[in-house]
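Here are a few exercises to work through with the model open beside you. Try each task before reading its solution.

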Amino acid sequence: MIKAFVIGFPINHSRSPLIHGTWLERHAIDGRYEAIAVEPGALGAFVARLREGEFAGGNVTIPHKEEMFALCDSRDPLAETIGAVNTLVLRDGRIHGFNTDYLGFLGNLDQSAPGWDDARGEAIVLGAGGAARAILVALAERGFSRIHILNRTRDKAEALARSLPGPFLARGLDAYPGLAGSADLLVNTTAIGMHASRFEGLDLGLLPKDAVVTDIVYTPLETPLLADARAIGLRTVDGLGMLLHQAVPGFEAWFGVRPEVTEDLRQTVIATL
Ligand code: ATR
């Protein structure tokens, strides 16, 4: 039996076992995907266990993505750029690290808002925390010509822009009104939508009518930002698709079958939110 895992702390809330379990069943694979709570500070011991060969690989979530990056034997170039890994593949006792969050972000938009990147023009990214990094790298890879990082603390946006290769411009949130009119995409990478909260004073009506608005939060599925955008007729993409799509490359690497992100799977996960 092929085994894979997700480690994090806490880990009970993770939907990854449900996603991978659904795919294992669908493809009748003799495999198992389990959630393992690994406390902060216990990652080294888990890595030693990994090298013994019990697992084909697994996922890494909060708070271990950056520390695990340092413990990998080798890393995918995109994971190197992002500075974090969320997917591990074991071969001959060696640990290879990948970051599939950027693929998850792109896969979600490609599937949910076809044509979203036709112009490869300007994007506005809200927030400058760890979650922003994979998204910024993804937008740069897709060829967006200008990517504005807007953050409450402008210094953090500037440090982030300097740390990544791409056409990034760091701003404070007050720059939004001057930028919105030429943005093809607005991405919220902060968690404020989880707290039924929104960016005050962010007038979505200033965006072009065909702009796409997306949020990485999926609890709730429709964040206040997405609700506001939908109410004025903008295209919206929720964050659940990013979670589903980031799981695809890992499943394929461990179990040998490329799974699909179907509406069925989406509804299965939504039923647990
Ligand atoms: P993560 O690594 O998960 O992205 P983080 O590093 O704590 O989390 O980043 C959170 C982001 O959300 C930051 O960009 C933060 O802005 P600051 O850099 O100014 O702290 C942003 N953020 C959090 N709460 C916010 C709020 N109420 N209003 C505006 N921005 C907020």
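A pocket here is an open set of grid points where a 1.4 Å probe fits, with protein on both sides within 12 Å along at least five of seven lines. A molecule sits in a pocket if more than half of its atoms lie within 2 Å of the grid points. Keep in mind that this is a predicted model.

**Exercise 1. Where does the ligand sit, and which residues are around it?**

Start with the space itself: the ligand takes up the largest pocket. Next, list the neighbours, counting a residue as near if one of its heavy atoms lies within 4 Å. That gives Gly127, Ala128, Gly129, Gly130, Ala131, Asn151, Arg152, Thr153, Lys156, Thr190, Ile192 and Phe199. Finally, sort the shell by character: 4 residues are nonpolar, 6 polar and 2 charged.

**Exercise 2. Find side chains that make polar contacts with oxygen atoms of the ligand, then say what share of the ligand the protein buries.**

The cut-off to apply is 3.5 Å between N or O atoms. Go through the candidates one by one:

- Thr153 has a side-chain N or O atom 2.5 Å from a ligand oxygen.
- For Arg152, the distance from a side-chain N or O atom to an oxygen of the ligand is 2.8 Å.
- Lys156 places a polar side-chain atom 3.1 Å from a ligand oxygen.

Now for the burial: on its own the ligand exposes 640 Å², and the protein covers 62% of that.

**Exercise 3. Locate two cis peptide bonds and place their prolines in the fold.**

Take Ile62 and Pro63 to begin with: the bond joining them is cis, with omega about 10°. Pro63 belongs to the loop that runs between strand 3 (57-60) and helix 3 (65-71). Then move on to Thr219 and Pro220, also joined by a cis peptide bond, where omega is about 5°. Look for Pro220 in the loop between strand 11 (212-215) and helix 9 (224-231).

**Exercise 4. Asp92 and Ala196 have positive phi without being glycines. Where do they lie, and is each buried or exposed?**

Asp92 comes up with phi near 55°. Its place is the loop between strand 5 (87-91) and strand 6 (94-98). To judge exposure, use the threshold of over 50% relative accessible area. Asp92 is at 81%, so it counts as exposed.

Repeat the steps for Ala196, whose phi is about 55°. Ala196 is found in the loop between strand 10 (185-188) and strand 11. Its relative accessibility is 63%, so Ala196 is exposed too.

Terms used: Residues are numbered from 1 along each chain as its sequence is written. This is a predicted model: local features need pLDDT of at least 70, side-chain atom pairs count only at pLDDT 80 or more; totals for chains, interfaces and linings use all residues. Side-chain values use heavy atoms; hydrogens and water are left out. A polar contact is a pair of N or O atoms within 3.5 Å; within protein, one must be able to donate a hydrogen and the other to accept it, and residues adjacent in sequence count only if both atoms are side-chain atoms. Accessible areas come from the Shrake-Rupley method with a 1.4 Å probe; for residues, only the protein chains shown count as cover. On a 1 Å grid over the protein atoms alone, a cavity is a set of points where a 1.4 Å probe fits but cannot get out, and a pocket is an open set with protein on both sides within 12 Å along at least five of seven lines; lining residues have an atom within 4 Å of a point. Ala, Val, Leu, Ile, Met, Phe, Trp, Tyr, Cys and Pro count as nonpolar, Asp, Glu, Lys and Arg as charged, and the others, Gly among them, as polar. Helices (H or I, at least four residues) and strands (E, at least two) are DSSP runs, numbered from the N terminus. Buried means under 20% relative accessible area, exposed over 50%, partly exposed in between (1.4 Å probe, protein chains only).
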